[in-house]
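Dear colleague,

I am passing on the structure we spoke about, with the sequence alongside. Please open it below before reading my notes.

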Amino acid sequence: MMQQEEIDKLLQKKQAGNCNPEEIAFLESWYAQWNKDLPLGLTAEELHEDLLAIKNRTSTLPAPAKSRKLNQGLWMAASLFLILSTGLYFYLQQQNSPYNLARHDIEPGSNKATVTLANGQKIDLSSLKGGVMIDKSGLEYNDGTNISEIAADKGIPQQLTLSTPNGGQYHITLSDGTRVWLNAASSLKFPSSFAGLKERRVELIGEAYFEVSHQAKQPFRVQTAGQIAEDLGTSFNINSYADEPTGKTTLIEGSMQIQSLKAPQDKQPTLLKPGQQAAMSATGAISLRLVNTEEALGWKNDNFIFDGEDLKSAMRKIARWYNIEVIYEPGAKASSTLILDGLVSRKSKLSEVLKWIETIGGVRFKIEGRRVTVTE
């Protein structure tokens, strides 16, 4: 049988947090012998206060010689109860803390979008469907389920807008067969048909990936706030969010050209080769560089891919996908110095993404509702 001195040592180890699993199991088993008549149904705070009182009472009771062993055992039982429940108390406090990311978790985004018709009518698209398409019969889901008939007005195609909210994404196949994947907080304006038009022009706000059905006699052009991108037989990604310092166009395959809307009219368009990214500044200047195209397409493939990305840039992506507000505590130095490299699934819950960033060091997060605070 284990001696009193050995139990004392185990209690001290438990209090210091140095017990191994076997020792913890023994102490809990030993403690259970003294825990048959203790009250249940108390809150963590009430339990914590009662245990302090028990400890004070048992440590001041006079102990006659015959009952010394019993009182000592009772005191030790109360002490162990105090140690274990105090740990539970602080554990519960941590569970309720905004720093416990898993307790305040947020689910990832999903398929969510609306289509706005020319008459202003808005249609909420099904989250159970992956995409929509435009054909001669109108707007329908990719599985052929009809959504709405869209007839040309006096031979003029209707202008439609596909929009995704924060935390949403959607896919559309345009009337010419061009496929477009729309990221969160984005919109694409397009005609219901390109028939009879000199060009196939669409307007983008936010981010989208295009796989264009090339037609030399009817060029496909994407207009954003700062540029016009023209396909020359290609697939490409355009990031043109208003809160990003630069607009980025990444060529995946084929060829394309970029024309700045702020450049002189006689300035020649900038040609891109596969693997090149055109970054456009606020002044309309275009710079080219070779990039990892997997990073540009990470969102489409359900991943966050960070390739030497600063924290604030990464958090803008995370905020759009999880529909959250991000704020930075004053003095959070890591918000301007932390660089991220790696991959995290966009199917993960928010807590998993934030914990991954925390492992890099120098930063912590707390979740309160849909607000995430970056702290240290």
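With which residue does Glu 107 form a salt bridge? Before the reply, please keep in mind that this is a predicted model. The partner of Glu 107 is Lys 349, and the closest N and O atoms of the two are 3.6 Å apart. This pair joins distant parts of the chain, since Glu 107 lies in the loop between helix H4 (68-96) and strand S1 (110-111), whereas Lys 349 lies in the loop between S20 and H8, 242 residues apart. Lys 349 is partly exposed, with 35% relative accessible area.

The count of salt bridges comes to 15, and two others deserve a look. Glu 199 and Arg 201 meet through their side chains at 2.6 Å, N to O, and they belong to a network of salt bridges that also links Arg 221 and Glu 230. Both of the residues in that pair are partly exposed, Glu 199 at a relative accessible area of 22% and Arg 201 at 28%. In the other pair, the side chains of Lys 317 and Glu 309 meet at 3.1 Å, N to O; here Lys 317 counts as partly exposed at 23% relative accessibility, while Glu 309, with a relative accessible area of 10%, is buried because it falls under the 20% cut-off.

Lys 317 and Glu 309 also lead to the largest pocket, as they are, with Asn 239, Lys 248 and Glu 295, the residues of its lining that lie nearest its centre. The volume of this pocket is about 600 Å³, and 33 residues line it. Strands S13 (227-240), S14 (247-260) and S18 (303-310), together with helices H5 (293-296) and H6 (311-322), each give two or more residues to the lining, and the largest share, eight residues, is that of S18. By residue class, the lining divides into 12 charged, 11 polar and 10 nonpolar residues.

Finally, I looked at helix H8 (residues 350-360), whose buried residues are Leu 350, Ser 351, Val 353, Leu 354 and Ile 357. Seen down the axis of H8, these fall within an arc of 160°, so they line one face of the helix. The elements against which they pack are H6, strand S20 (339-345), strand S21 (364-368) and strand S22 (371-375). After H8 comes Gly 361, which has a positive phi, near 105°.

With best wishes

Methods
Residues are numbered from 1 along each chain as its sequence is written. This is a predicted model: local features need pLDDT of at least 70, side-chain atom pairs count only at pLDDT 80 or more; totals for chains, interfaces and linings use all residues. Side-chain values use heavy atoms; hydrogens and water are left out. On a 1 Å grid over the protein atoms alone, a cavity is a set of points where a 1.4 Å probe fits but cannot get out, and a pocket is an open set with protein on both sides within 12 Å along at least five of seven lines; lining residues have an atom within 4 Å of a point. Grid points are joined across faces, edges and corners, and a volume is the space filled by probe spheres set on the points. Helices (H or I, at least four residues) and strands (E, at least two) are DSSP runs, numbered from the N terminus. Ala, Val, Leu, Ile, Met, Phe, Trp, Tyr, Cys and Pro count as nonpolar, Asp, Glu, Lys and Arg as charged, and the others, Gly among them, as polar. Buried means under 20% relative accessible area, exposed over 50%, partly exposed in between (1.4 Å probe, protein chains only). The arc is that of the directions from the helix axis to the C-beta atoms. Contact means heavy atoms within 4.5 Å. A salt bridge is a side-chain nitrogen of Lys or Arg within 4 Å of a carboxyl oxygen of Asp or Glu.
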